[in-house]
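This report looks at charged side-chain pairs, helix packing and one loop in a protein model. The sequence and the structure come first.

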Amino acid sequence: MTGILGGNPKDEPMHYGEIFSVWTASTVAKGALSSYRAYTYHAGDHDLKKILGAMIDQAELEISELDSLLAEQGLASAPAMPLRPEAKLEDIPVGARFTDPEIAAMLAADSAAGLVACSQAMGISIREDVGALFAKYHLTKAALGLKVLHLTKKNGWLIPPPLQVKRPEAVKV
C-alpha cells in the first residue's frame with residue numbers, strides 16, 4: 001500500500017476524530033486523576049485505597065502517553081488540574097466525607113464510561129497505533145472495573161438493579 005496512509009502509522013496524520021478522542025481522553029484522565037487523589041483522602045478501606053492507587057497510576061500513564069501523542073502532532077493538550085493539599089480522613093467533616101461505598105460506586109461508573117469511550121475511539125481509529133493504545137486502556141479499565149466489582153460484592157456495597165428471582169409462568173393460549 002502506498003500513499004499518505006501506507007507506512008508506519010506514527011508517520012500518518014491523525015484525523016479529526018482521533019485527535020478529538022486523544023484530547024478528550026487526556027482531559028478526562030486529568031480530571032479523574034484529581035478526583036482519585038481526593039478520594040484517597042476520603043477512603044478508609046485498605047483494598048479500596050489500593051484500587052485507587054492503581055487507578056491513579058493508570059490515569060498518570062494515560063496522561064503521559066496521550067499528551068505525547070498530541071505533542072507529536074503539534075497539538076496542545078488541556079492543562080493539568082492543580083494538586084490538592086493533602087487531608088486526613090479524620091479531618092474531613094462527616095457530612096462532607098465521601099463514604100467507601102460512594103467512592104466504589106463512582107469508580108465503577110468511571111470504569112464503565114471509560115470502556116465505552118475507549119471502544120468508540122478504537123472504532124473510529126484508522127491509525128493502528130491509536131486504536132491499539134485505546135485497546136490497551138480498555139483492557140486495563142476492564143480489569144480495574146472487575147476489581148471494584150469484586151470489592152463491592154465482598155464488602156456488601158453493591159446495590160444491584162432489580163433481580164428477576166422468580167420467573168413468570170408461561171400462559172397457555
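The text below takes up the salt bridges, then one helix and its packing, and finally the loop between two helices.

**Salt bridges**

The model is a predicted one, and the values given here are computed from it. Side chains of opposite charge can pair when their charged atoms come close. The structure holds six salt bridges, and the table lists three of them.

| Salt bridge | Closest N to O distance |
|---|---|
| Glu-60 with Arg-37 | 2.8 Å |
| Glu-65 with Lys-136 | 2.8 Å |
| Arg-127 with Asp-129 | 2.6 Å |

In the pair formed by Glu-60 and Arg-37, Glu-60 belongs to helix H2 (residues 46–72) and Arg-37 to helix H1 (residues 16–42), so this salt bridge ties together parts that are 23 residues apart in sequence. Glu-60 is partly exposed, with a relative accessible area of 34%, and Arg-37 also counts as partly exposed, at 26%.

A second salt bridge joins the side chains of Glu-65 and Lys-136. This pair links distant parts of the chain, with Glu-65 in helix H2 and Lys-136 in helix H4 (residues 128–154), 71 residues apart. Glu-65 has a relative accessible area of 23% and is partly exposed, while Lys-136, at 36%, is likewise partly exposed.

**Helix H2 and its packing against H3**

What span should the 27 residues of H2 have at 1.5 Å a residue? The expected span is 39 Å, and the end C-alpha atoms of H2 are 39 Å apart, which agrees with that expectation. At the N-terminal end of H2, Asp-45 acts as a cap, with a side-chain oxygen lying 3.0 Å from the backbone nitrogen of Asp-47. Just after H2, Gly-74 takes a positive phi of about 80°.

Two packed helices are described by the angle between their axes and the distance between the axes. For H2 and helix H3 (residues 100–124), the axes come within 11 Å and cross at roughly 30°, and the crossing is left-handed. On the H2 side the contact is made by Leu-48, Ile-51, Leu-52 and Met-55, and on the H3 side by Asp-100, Ile-103, Ala-104, Leu-107 and Ser-111.

**The loop between H3 and H4**

Ser-125 is placed in the loop between H3 and H4. Is Ser-125 buried or exposed? At 16% relative accessibility, Ser-125 counts as buried, because the cut-off for buried is under 20% relative accessible area. The side chain of Ser-125 reaches the backbone oxygen of Ala-121 at 2.6 Å. Leaving aside neighbours within four places in sequence, Ser-125 is in contact with His-15, Glu-18, Val-130 and Gly-131.

Arg-127 is also found in the loop between H3 and H4, and its relative accessible area of 1% makes it buried. Arg-127 is the residue that forms a salt bridge with Asp-129. Which residues are in contact with Arg-127, leaving aside its neighbours within four places in sequence? They are Pro-9, Lys-10, Glu-12, Pro-13, Met-14, Glu-18, Leu-69 and Gln-73. Glu-18 is thus listed among the contacts of Ser-125 and among those of Arg-127. Arg-127 and Tyr-16 are 111 residues apart in sequence, and their C-alpha atoms are 12 Å apart in space.

Terms used. Residues are numbered from 1 along each chain as its sequence is written. This is a predicted model: local features need pLDDT of at least 70, side-chain atom pairs count only at pLDDT 80 or more; totals for chains, interfaces and linings use all residues. Side-chain values use heavy atoms; hydrogens and water are left out. A salt bridge is a side-chain nitrogen of Lys or Arg within 4 Å of a carboxyl oxygen of Asp or Glu. Helices (H or I, at least four residues) and strands (E, at least two) are DSSP runs, numbered from the N terminus. Buried means under 20% relative accessible area, exposed over 50%, partly exposed in between (1.4 Å probe, protein chains only). The expected span of a helix is 1.5 Å times one less than its number of residues. A polar contact is a pair of N or O atoms within 3.5 Å; within protein, one must be able to donate a hydrogen and the other to accept it, and residues adjacent in sequence count only if both atoms are side-chain atoms. Axes are lines fitted to C-alpha atoms, for helices over the stretch in contact, and angles run from 0 to 180 degrees between N-to-C directions. A crossing is left-handed if the near helix is turned anticlockwise from the far one by less than a right angle, and right-handed if clockwise. Contact means heavy atoms within 4.5 Å.
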